[in-house]
Amino acid sequence: MKVPYTWLIEFVDVQDLSPEDIARELTIKSVETSVQKFDADLDGVVFGKVVDIREHPTKKNLLVCRLDVGGGYHPTVITGDRSLKVGDGVLLALPGAKVGELCITKREFDGVVSEGMLLSAQELGFEPHSEGVLKIWEEIKPGTSAYYLLGFGEYLLELEITPNRGDLLSVRGVAREVCAIFRRNLKKDKEVSFEEFGELDIQIIDRDCKRYRGALIEGLSVKDSPLWLRRRLWQCGVRSINNVVDITNYIMLRDGQPLHAFDADKLNGGIRVRSAKKGETIALLTGAEKTLTEDNLVIADEEKPLAVAGVIGGAETAVSQSTKRILLESAYFEPYRVRRSSKAISVQTDSSYRFERNVDIEGVKRYQDLAIELILEVAGGTLTALRDVYPSPYQPKTIFLSLEKYRRYAGETLNREEASEILTKLGIPNSPMRCGVEVYVPSHRSYDMQRDVDIIEEILRIKGYNSLPSEVLSLPSLTFEGGSITDRVRELLKSRGLLEIISFSFEDLSLYELLDIEKPTISITNPLVKNQAYMRTSLIPSLLRTCLYNQRQHNYDMALFEVGRVYTYQGEEERLGILLTGVRRLYPQEVYTAYDALSLLLDVGRILGLKMESQSSSYSFLHPYVQTDLVSDGEKLGFVGQLSPRIVNTLELKGKVFIGELRLLHIQQKTKLYKPFSKYPPVIRDLSVLVDKGVAVDKLISHTQNLLKEKLEEVKVFSIYTGSELGEGKKSVSFRLVFRSFEGSMSDGEVNGLVNKLISSLEDSFGARLR
């Protein structure tokens with residue numbers, strides 16, 4: 001999108017800002033913008049008026065013209081454009097002039113000397129092809145330099161528009177953005193309004209057209225556009241066609257509303273906005289003929305398609321020099337439908353580019369009215385009928401931005417007055433309120449403003465993200481591998497969502513007697529509190545006491561751990577205790593299980609280089625069927641299980657409580673062994689076996705690993721099921737086995753052989769049966 005600097009000034013007062021300043025701020029706060037100059041290698045070219053024309057004496061296809069170029073100089077020039085008339089304004093390259101790569105000299109044509117060259121739009125670089133000399137109708141002083149007359153030397157802002165910011169595809173849209181960034185006011189527009197009247201048959205058949213407004217103008221004169229209009233189009237890279245078509249392009253560039261003009265005398269009946277019928281064809285303005293599909297939305301009369309809606313018009317109804325009546329179209333089409341239609345015929349235009357990114361549905365009337373006034377002024381004629389079909393008028397969406405939401409996202413307090421000013425400058429109606437800002441999304445921003453976070457983005461980008469306060473992170477970054485063994489245990493459990501508690505080492509005997517565990521034997525000679533007269537021998541009572549206190553405060557979901565010392569006559573010992581109860585996740589709801597507690601302690605052992613196995617146990621304070629000892633190299637390190645229902649009832653605890661304790665004092669971190677990764681793909685097998693409930697799952701895992709050795713990369717349990725249909729005392733265990741070799745890709749036959757071997761071994765060792 002190219003925006004001439006002087007055109008921007010027509011909307012907002014920024015004469016005190018350089019184009020570079022504007023481009024820099026737009027790049028930082030809106031879209032990437034660069035500055036270029038509308039320029040040409042043009043020297044020695046002046047404006048002249050034709051004062052005399054005669055036939056060349058020998059070459060009948062040439063004319064000999066005499067021009068007034070000011071200063072009493074009347075050069076003679078020979079041209080092949082036989083449409084020239086006395087009084088026409090032209091651009092003359094005098095002898096010695098430079099036009100691009102051309103160097104102009106005097107030339108003789110059968111005895112008649114041409115003192116220069118009349119220029120066309122093609123030679124000036126405005127058009128890829130043009131016929132005849134460029135004619136200018138305005139009253140301009142002869143001898144005026146063509147360089148500035150044609151708008152060369154003008155600075156252009158070139159914006160790289162993102163797909164969500166279709167509102168910036170116009171000078172008006174960019175002006176709104178500049179107003180907000182530089183806190184300027186948008187200049188007031190001239191008020192123009194034409195209301196519906198007359199007879200005009202327009203029907204919207206396809207709902208992807210949300211609004212269609214047609215205006216019938218009669219008695220106009222189609223000809224070349226005035227220089228000011230052509231100059232604006234040339235600066236924006238758009239070629240000039242005729243005054244009517246040029247005005248539709250001018251409004252599109254200035255206001256963002258694509259328009260289209262049909263030769264009304266070539267229409268048969270009323271306008272129908274509908275889907276194309278399969279197999280229909282249309283000759284486009286480009287000269288190509290396209291076969292349409294139902295993907296194409298078309299503007300049609302009662303017989304045939306006239307245009308591909310939002311994309312391109314048809315050649316048959318194009319406006320030409322002979323046109324006396326036009327139907328001026330202004331409409332809103334759904335962006336996705338224009339995109340599909342454009343892709344279906346492989347044509348993209350300036351109009352489709354804008355429709356695909358959403359245009360202002362409320363601007364359909366306003367900008368068409370501006371175009372109507374301009375056409376009546378430039379081309380003459382009379383507005384004889386106007387019809388606006390608008391089935392569902394736009395209703396602004398209301399979005400409320402709360403102070404708290406803004407603070408959480410921006411890290412600062414919302415200044416409601418400043419936010420309101422920014423939004424107002426952007427053309428976004430709003431109302432500051434006591435607890436935030438209420439925003440009414442305008443039609444020109446309906447495509448990209450949907451939620452309160454979009455409002456936050458608008459405020460922050462205009463303020464500038466560099467205006468936000470920067471703060472150093474308050475928590476230092478610590479490596480997981482560093483620190484002591486107990487520090488690493490703490491980090492692991494915290495990362496799993498557990499909270500650490502710190503309790504006194506002094507205990508009474510009540511909970512020890514209830515749990516029937518080793519009672520404290522080391523007493524304190526002079527205790528501060530009588531019921532805390534002993535040094536603890538376990539962390540479990542402290543965890544239960546914390547659980548009981550929380551439940552009395554109506555907190556029933558807990559995941560706790562404590563790393564602390566216990567005391568016996570043999571000395572002090574470092575231990576880890578955990579307690580889980582209640583819900584660990586609300587949506588979807590998941591409760592803690594004994595396997596969660598077991599996996600936590602196994603993971604603690606894993607990071608310390610210990611391989612622990614389960615072993616049957618018989619603690620009276622644990623559920624008889626949900627408990628196990630943890631053993632490594634024949635040494636008992638701890639236990640885990642569900643608290644006995646008897647204890648739960650006695651203490652009046654709610655729900656199931658899972659506890660575990662692990663000795664840490666004698667654990668020495670072992671040296672880690674690393675092995676390379678295999679470059680070959682894995683082969684995965686899932687296996688479900690039926691075993692007795694008393695068979696420990698970790699023994700099944702250990703047996704599988706020892707049997708399959710290096711061929712088995714990983715084995716893990718993903719399901720354990722107990723149900724009456726399995727039989728009394730039975731459970732189903734489902735494994736996922738990951739096989740991978742270092743020698744090459746493993747075949748299905750090789751993997752199947754290993755799985756069969758495993759099934760046979762599990763049957764022999766554990767009485768397992770394949771489900």
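Where is aspartate 516 found? Aspartate 516 is in the loop between helix H14 (510-515) and strand S28 (534-535). We'll come back to this residue further down. One thing to keep in mind as you look around: this is a predicted model.

## The chain as a whole

Let's start with the big picture. The chain has 19 helices and 40 strands. Its C-alpha atoms fill a box of roughly 130 × 65 × 60 Å along the principal axes. The radius of gyration is 43 Å, whereas a compact globule of 771 residues would come in near 28 Å.

How much of the chain is buried? Buried residues make up 50% of the 771 residues. If you take the contacts with a separation of 6 or more, 69% of them link residues that are 24 or more positions apart.

## Surface and charge

The accessible surface of the chain is about 38,200 Å², and carbon and sulfur atoms account for 50% of that. As for charge, you'll find 100 positive and 109 negative side chains. The centres of these two sets lie 3 Å apart.

## A sheet of five strands

Now for some sheets. Strands of a sheet pair through backbone hydrogen bonds, and they can do so in a parallel or an antiparallel way. One open sheet here has five strands, in the order S12-S15-S18-S19-S20, and its pairing is mixed. Strand S12 (202-204) and strand S20 (312-313) are at the edges with a single partner strand each, so one side of each has no neighbour in the sheet.

Zoom in on S12 and you'll see what its pairing looks like. S12 and strand S15 (residues 271-275) run parallel, with three bridges between them. In one of these matches, isoleucine 202 has isoleucine 271 of S15 as its bridge partner.

## A sheet of seven strands

Another open sheet has seven strands, and the order is S26-S29-S30-S36-S35-S34-S33, again with mixed pairing. Which strands are at the edges? They are strand S26 (499-500) and strand S33 (613-615), and each of them pairs on one side only.

Within this order, strand S30 (residues 571-581) is joined to strand S36 (residues 657-663) by seven bridges, and the two run antiparallel. To find a spot where they face each other, look for leucine 580, which stands opposite phenylalanine 658 in S36.

## More antiparallel pairs

Earlier in the numbering, strand S3 (residues 42-55) runs antiparallel to strand S4 (residues 63-68), with six bridges joining them. Isoleucine 53 has cysteine 65 in S4 as its bridge partner. S4 also pairs with strand S5 (residues 76-79), antiparallel once more, through four bridges. There, leucine 63 is matched with threonine 79 of S5.

Towards the other end, strand S37 (residues 683-692) and strand S39 (residues 730-739) run antiparallel and are joined by 10 bridges. Serine 688 stands opposite serine 734 in S39. S37 pairs with strand S40 (residues 769-770) as well, in the antiparallel sense over two bridges. In that pairing, leucine 690 is opposite arginine 769 in S40.

## Two loop residues, two settings

Arginine 165 lies in the loop between strand S11 (154-159) and helix H4 (171-182). Is arginine 165 buried or exposed? Its relative accessibility is 5%, so arginine 165 counts as buried. Leaving out residues up to four places away in sequence, arginine 165 touches Ser30, Glu177, Arg445, Asp448 and Arg461.

Asparagine 466 also has its place in a loop, between helix H12 (452-463) and helix H13 (485-495). Here the relative accessibility is 70%, so asparagine 466 counts as exposed. Asparagine 466 and asparagine 555 are 89 residues apart along the chain, and their C-alpha atoms are separated by 43 Å.

## Residues with a positive phi

Back to aspartate 516. This residue isn't a glycine, yet its phi is positive, at about 60°. Aspartate 516 is exposed, with a relative accessible area of 57%.

Glutamate 652 also has a positive phi, near 60°, in a residue other than glycine. You'll find glutamate 652 in the loop between helix H17 (645-651) and S36. With 65% relative accessibility, glutamate 652 counts as exposed.

Key. Residues numbered from 1 in each chain as written. Predicted model: local features only at pLDDT ≥ 70, side-chain atom pairs only at ≥ 80, totals over all residues. Heavy atoms only, no water. Pairing = 2+ DSSP bridges. Rg over C-alpha atoms; globule rule 2.2 N^0.38 Å. Buried < 20%, exposed > 50% of the residue type's maximum accessible area, 1.4 Å probe, protein only. Contact = heavy atoms within 4.5 Å. Areas by Shrake-Rupley, 256 points an atom, 1.4 Å probe, with all protein chains shown as cover. Lys, Arg positive; Asp, Glu negative; His and termini not counted. Charge placed at Lys NZ, Arg CZ, Asp CG, Glu CD.
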